[in-house]
Amino acid sequence: MATTWWPGRSHLGRASRGVLLTAAGPGMREVMHELAVPTFRSYAQAWGYEVHAVDLASDGVGTDPDAQRVKWAKLSLVREALRDHALVVWLDADVLLLRQDEDVAALLHPRAFQGLVLEHVPAEDRVNPNTGVWVLRSCPTSLAFLQAVQAAGRQPGPWADQGAVLTALGWRRGDSSYRGARPGMPTAFSKRTTWLPARWNSPFLGPRQPEDCFSSTPESYVGRSHDPDPCALHFMGLTPAGRLRAMSTHAHRTAPLPV
């Protein structure tokens, strides 16, 4: 496992306040390094973050064992980063940061240990946290939550890690594909979670062909909650080739930080 690291200094010269963390296996490595990471570095420079991009040894497709291992690796990478950084912002390798006018850390409630965006999918009658963008403070509650996620174990179906996060938050899973997922009874962890605005994990709703989809149909993206001017645009549910094509059309749209 190799890590590409960029030290963080903002345009004002502040020392690093945290880290933007991402990872990908061979199938997504080009997407991560060529398209996603340049937008992370631009954002990091504006707000004083470091950027860590981790090259994983393998990846997989859909729900095969290698794909599940890659998804589960997110948890150990986040836990390790929390040892060295006051704030960790996990970004999936299929996310682009398109705006620099807002520091995501400023959106966390003072008593919250983490921030996530709720995903609304009318076609599947579900509402759930999406861990493609995941903000955590380094504190005992974050470590306790990650332990609860680890204890829940890899979940079956398409969400090995995200399903475990739902379990630790007391979410109702719905069926085996998470259709009908919705909040359960509030827990100590959910009460200290900030639900970030949709602009911080907005799904790509542009054209997608059936052959580019591996976990959902193009029709399932109709009516999803999104932001027309997102800070973080997430190209979820696409094959690596589909992501490469779609992300290439948006990767150079990063808006500069206002002077």
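The chat below goes through a strand, a few residues, a cavity and a pocket in a predicted model.

Trainee: Let's start with β3; how many of its residues are buried?

Mentor: Bear in mind that the model is predicted. In strand β3, which covers residues 49-55, 7 of the 7 residues are buried, so the strand is largely enclosed by the rest of the structure.

Trainee: And which residues sit on each side of it?

Mentor: Y49, V51, A53 and D55 are on one side of β3, while E50, H52 and V54 are on the other, and because every one of these residues falls under the 20% cut-off for relative accessible area, both faces count as covered.

Trainee: What joins β2 to β3, and are they parallel or antiparallel?

Mentor: Strand β2, residues 18-24, runs parallel to β3, and 7 bridges join the two. To take one position, A23 has V54 of β3 as its bridge partner, and V54 is among the buried residues of that strand.

Trainee: Which helix goes with those two strands, and what's the handedness?

Mentor: Helix α1, residues 29-47, goes with them, and β2, α1 and β3 together make a β-α-β unit that is right-handed.

Trainee: Staying with β2, is T22 buried or exposed?

Mentor: T22, which lies in strand β2, is buried, its relative accessible area being 0%.

Trainee: What does its side chain reach?

Mentor: The side chain of T22 reaches the backbone nitrogen of A93, at a distance of 3.5 Å.

Trainee: Just after β2 there's G27; where is that one found?

Mentor: G27 is in the loop that runs between β2 and α1, and with a relative accessibility of 38% this glycine counts as partly exposed. In space, its C-alpha is 6.4 Å from the C-alpha of P240, although the two residues are 213 apart in sequence.

Trainee: New topic: which loop holds S190?

Mentor: S190 belongs to the loop between α4 (160-168) and β8 (193-196). Its relative accessible area is 12%, so S190 counts as buried, and its side chain reaches the backbone nitrogen of T187 at 2.7 Å.

Trainee: Now the empty space: how many cavities of 30 Å³ or more are there?

Mentor: There is 1 cavity of that size or more in the structure, and the largest cavity has a volume of about 70 Å³.

Trainee: What lines it?

Mentor: The lining of the largest cavity is made of V117, L118, E119, H120, N130, A198, N201, P203, R224, S225 and M236. Strand β6, residues 114-121, gives the most to that lining, with 4 residues, and by class the lining comprises 5 nonpolar, 4 polar and 2 charged residues.

Trainee: And how much space is in the largest pocket?

Mentor: The largest pocket holds about 980 Å³ of space. It is lined by 43 residues, of which K71, D92, D94, F214 and R243 are the closest to its centre.

Trainee: Which element supplies the largest share of that lining?

Mentor: That is α2, from which 5 residues of the lining come. At least two residues each are supplied by β2, α2 (65-84), β7 (126-137), α4 and α5 (240-248), so β2, which is joined to β3 by 7 bridges, is also one of the contributors to the pocket lining.

Trainee: Last one: what's the split by class there?

Mentor: The lining of the largest pocket divides into 17 nonpolar, 14 polar and 12 charged residues.

Definitions and conventions:
Residues are numbered from 1 along each chain as its sequence is written. This is a predicted model: local features need pLDDT of at least 70, side-chain atom pairs count only at pLDDT 80 or more; totals for chains, interfaces and linings use all residues. Side-chain values use heavy atoms; hydrogens and water are left out. On a 1 Å grid over the protein atoms alone, a cavity is a set of points where a 1.4 Å probe fits but cannot get out, and a pocket is an open set with protein on both sides within 12 Å along at least five of seven lines; lining residues have an atom within 4 Å of a point. Grid points are joined across faces, edges and corners, and a volume is the space filled by probe spheres set on the points. Ala, Val, Leu, Ile, Met, Phe, Trp, Tyr, Cys and Pro count as nonpolar, Asp, Glu, Lys and Arg as charged, and the others, Gly among them, as polar. Buried means under 20% relative accessible area, exposed over 50%, partly exposed in between (1.4 Å probe, protein chains only). A polar contact is a pair of N or O atoms within 3.5 Å; within protein, one must be able to donate a hydrogen and the other to accept it, and residues adjacent in sequence count only if both atoms are side-chain atoms. Two strands pair if DSSP finds at least two bridges between them. A crossover is right-handed if, with the strands pointing away from the viewer, the path from the first strand over the helix to the second runs clockwise.
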